Every structure is written in C-alpha cells, then in structure tokens.
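This briefing is meant for a reader who is meeting the structure for the first time. Please look over the sequence and the model before reading the points below.

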Amino acid sequence: MDIPPDGERTTPHRLGLPARWQSGSQAVIQALIDNGVTMFFLCSGGALIAPLCEALGASAGVRVVRLSQERAAVHAAEGYAKATGQMAAVLVSGGSGVAAAVAGLMSAMADSVPLLCIAGQVESALIGTDAFRECDALGITRAVTKWSRRIDLALAHDAAAIVDRAVQVARAGRCGPVLLDMPLDVQRTEVTVRRTGASVVGAVLTGQGPLMPPDRRLVRAVAQIRAARRPLLYAGGGVIRSGAAASAALAEFAQVADLPCVLTMAALGALPSSDRHCLGCLGEQGSPVANLALRHADVVVCIGARLDERSWPRGEPLPGTLIHVDIDPTSINKVWPSATPLVGDGGEVLKGLGQQWLKNLDLHAATEGDGPTPRHAWWQAIEGWRRDAALADEVNGPRTRTPITDQVLRALREPLAALEAVVTVDDGLAQAAGARHLQHLHPGRWLVSTGVGMPGFALPAAIGVLAAHPRRPVVCLSDANALLPTLHELQSVYDHGWPLKLIVFPPPLADPRRSAAACAASPSVMIQRPDIAAVARAFGWRIHRLKSAAAIDRAVADCLASDEPYLLQVDLSLADALRVEPVDASDTADASEGSNSEPSLQIGSRVRLALARQR
C-alpha cells in the first residue's frame, strides 16, 4: 500500500476509533497538543530529534523557545510550569543532550514540577552496539523521573497513546517529570495512529493517593487543632503546586480558625506576607518569628511539605503533635511520625478542614466564653516576637552597616510589589535576603529550586516565565558563582529581546576561620569571582556596575525602567563577609526547652540568636 507523504489519509480503525497515517514524530507532537501542551523548549541542532523538530515546525498553535543547552531548557520548562501551573515539553538530543538534562530533571523531580522530556535515540537496530550518540536514557534518568519509557518500533502505532499516559502520570498525584525515549526510525516511520484516549491508557495510576481523606480523619484533625493552646499551620511548596485554589483555601482556613502560619522557602506567596496570620519563612534563611513559633507550637498542621532539615533540625523531634497533609502517601511518616495523617490534595483537604471547623463553630465559641481565649496568650507571644525582631533590625545600625544583599532587596521591595513582578532566584545570600525583605503577595511569583538548591536555575527559569508572559516584569537574582552553569543563556535572552532584569551579587568573602581547612587541603579551593558584567556586555546586554551603597536606589530605578536586557552587578568591593556567629550555652539550653514551657520566656535572646545566624 502506498502511504501518502503528507500523512493526511484517514482509515477506519478496527475498534471503531479514528485512525490516520502519520509519522511517529507527528503523532507525538499532535498528542501533546491534544493534551494541552503547547509550549516547547529545545536546543538548536541535534540530528536525533530532527524529525520531531520538523513536525513541531509544521504544527499550528505551538510556541517554541530555543536555548543554548539542554539543562537550561529543562529549567526553563520548570519556570514555565511554576509560574503558570501548565505543563511544558522539552526536546533533547541523545547522548550528551540526555546527560545534560539530568540536572534539570533532578530539580523538577525534587520540586514536584510536571514536564515531559522527549529524548532522541539512535535507530532501533543500533541500540546496544555503542553507536555514535547512543545513550541509555532510561537508565541514567530513572532516579530523576517519575516515569520513563521507550517508544519502540513495534509500538509506533501507539505513540499517541503513550504520550497520553506520560502526560497523565506527570500531572497526577504528586507531579513530576517524565521521559520518553524515541529512536530516530520511530520518529520517521509512517503508521496508523490509534488514539485510545487517556482514560483507557492506564486510567488508574498505582501509588497515587485520593484527593480527600475520610471525613472522620478531618473531624479528628479539627478536634486536635481546637484542643491545642498553640496550634500552627506549616505550609510547603505542595500548596503552590496544588494551584491557586489551594492558596486561597489556606488563607481562608487561617482566617476562620485564626491560626498563625509559617511557610517554607518554596511556599512563599501561598499566604500573602501582608496577612497578619503569616509569620514568614522557616529555616536558617527565614524569619526568627517563624522559627520560634514552630519551636513552641503544640500542634503543627503541615500541608504539602517534606519536613526537611533546612526547616527543622533532623536530630530534634518536633515539639508538637503533627497533623500531616500530603497527596503522596509515601511522604507521610517518612521523616516525623504523624498523629493524624491526611492523604489528599492540599487544597481539597484545606477546604474540608474549613468546612468541619465551621460546622461546630457555635459550640466552640460557647465553650470559650466571653473571657480571653486560650489562643490569646499564643498570639501575645507571637506579637512579642515580632516587636523584638523589629527592634533588633533597628538596633543593627545605619544602612551602611547592613549587608549589601539586604540593602538591595529592601530597595527592590516596593517597586517589585507595584510592578507585580515575578522573581527567580538562585540558592545563596540573595535567596535568604529576598525571602525576608520582599513582599510575597501571590503564588507563582517567587520561583526557587528548593529540593536540591540547583545552581544556575534562576536565569533559565526566568526565560520560562518570559516565554509565558513576555510583557510581565521578571527579575532574576543570583550571584557570580551560581550563575556560571547557565551563563550562556544570556544569549538566548538577548536573541528573544526580552527585557529581563538580572541582578548579580558578589559571592561572600569567606571568613579565614572557615576557609583555612579547605585552603590547607588544596590551595586551589578558592571562591571564584568572575566578571559577569563583562560577559553580559559581550552578549549585547546593557550593564551597570554598582560600586557604592549610596547609589542603590538610583541603580534599581534605572534597572527596572529599562526596556532591554539589563544587568545590575554589585561590585566585589561591596561583598559581605561570611562569618560563623558563636552560640553560647545559655541560648542552646534555652532552645532545648520542652513544648510545655511558656513561649514568652527569654524571647529577646532567641530573636537575637536567630538574627545573628542569619547575618
């Protein structure tokens, strides 16, 4: 039978479903479009994905963004998904392309970001012969993907159905990246494509929890919260991944139950920082008020968080009873035992908790009477910590003594809030300062790689945001070392003409007490301080070097007003010293108090200790 070269002829399918002749690459691209995936990130070149690129170019209604390297393409898909809640696809060539994408897939897996990576492969007959650019894509990505599969030549007619399955897996339950390995001959071959539909291909995914726990679990959790004297909400990045409705449900439940809430670094924006119930970010880089609240809470309602060691020391037990909400049942009891596990979608569980709370609201009010409620002392302690923290900031001295990262982020606070800008940030001092000083008013406006702290994430993630919203102000915060792995994407930004604002801080000056051991082991172990501004100028960017703290306000205003790619580099002369603050025995003993002690004791010393650790 002669196969039409344009692949347009349709034939009846034996199951009564529509079937038509297409190449494997056309079937895959069309299946992605049918599943609502219309954003594609890829790199120039790559013979092993040439048919896929040709099919992509012939498809209507898709958007394609080219980057310089595969890892950056995956990070861009991360940024796109985090900012929009939508899924993107990444095309990578075989061999080195797959290897380069591993770091990005690792970051997406740790942060539960849905994306589909399609890897080119050598022809089926050459697999296993060590052919040029042959790579065991499934083997090397198995640990950093949620699901992976090769579309063999025998399954080419099911290519569209396999894509349906892959998209479903990526989006279901705890989201994550998936990978499809596609040999070159499968991309070229002409087959009758069978669309069985996503509901038929793996309708039930194993290992995925329900959207809602039983009502009896919700009733028990509400009873525990009401009986607590110092309850606390602990929201993680899972609230953001659950969608805008989950963030709204978090704010509503905190309001109706009058509960303070602490956030992880990934959850900033889930509850507006202007809300009185929001205590800020947890951990060494967070707010001392949030850390103190967690230390003294007697019931902790954790929603969509991993309870990792950056938020709470792994060797110390949580002081309060844990109510753990997560859509992934394997996350329950993984780190800390949960008294009341609630397996389900964070947004749906929060709505259920709010409904159960309101059912017996009158009874609850009657038992409290007209006098001060048990929560009154809890909120008094929290307000006391807030006053002490504000006083500590004032005592720190004039602006010239404040770390340069804090000064710049404070100058950015109001302008970025007025512009409703999206901020992408690499791990480091800028991330810590941004978490403390910026206003986080909406979900999806603060993008970080929190699961693995991947350096080089911020710049390509900003490209992903701009691909979705070219007109939205986007600011990228990084330092000279964290930017290096994806520095080449400066060219991608310039080529697309996006007015990205990149603010680069110098790495901290190492304290000799900390670096002496490393230098003794190897004299070459030194902090690199590359001249990013010189590189950016070579890529066509407009640059400005900030050499004086007195010029911060003017430099920030010029940067944000520019309509072209703009780099603001803080000069090395303004770098902050990185030092270890001593911890005295009294503070250590005070920090190990049991949860039954009154939280109002020695508030000032703890706040000073927390602030010292930050600075």
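A cavity here is a set of grid points where a 1.4 Å probe fits but cannot get out, and its lining residues are those with an atom within 4 Å of a point. The model is a predicted one, and the points below take up its cavity, then an open sheet of six strands, and then a helix that lies across part of that sheet.

**The cavity**
- The count comes to one cavity of 30 Å³ or more, and the largest cavity has a volume of about 30 Å³.
- Lining the largest cavity are Cys 43, Ser 44, Gly 45, Gly 46 and Ile 49, together with Glu 70 and with Leu 91, Val 92 and Ser 93.
- Sorted by class, this lining holds four nonpolar residues, four polar residues and one charged residue.

**The open sheet**
- Six strands, with parallel pairing, make up an open sheet whose order is β12-β11-β10-β13-β14-β15.
- Because β12 (278-281) and β15 (340-343) each have a single partner strand, they stand at the edges, and one side of each is left without a neighbour in the sheet.
- From one strand to the next, the twist averages 15 degrees.

**One strand pair within the sheet**
- Strand β10 (residues 231-235) runs parallel to strand β11 (residues 261-263), and three bridges join the two.
- Tyr 234 has Val 262 as its bridge partner in β11.

**The helix across the strands**
- Helix α11 (residues 288-296) lies across β10, β11, β12 and β13 (299-303), and it runs at about 105 degrees to β12.

Methods. Residues numbered from 1 in each chain as written. Predicted model: local features only at pLDDT ≥ 70, side-chain atom pairs only at ≥ 80, totals over all residues. Heavy atoms only, no water. Pairing = 2+ DSSP bridges. Helix = DSSP H or I, 4+ residues; strand = E, 2+ residues; numbered from the N terminus. Axes fitted to C-alpha atoms, helices over the stretch in contact; angles between N-to-C directions. Contact = heavy atoms within 4.5 Å. 1 Å grid on protein atoms, 1.4 Å probe; cavity = no way out; pocket = protein on both sides within 12 Å on 5 of 7 lines; lining within 4 Å. Points joined across faces, edges and corners; volume = space filled by probe spheres on them. Nonpolar A, V, L, I, M, F, W, Y, C, P; charged D, E, K, R; others polar.
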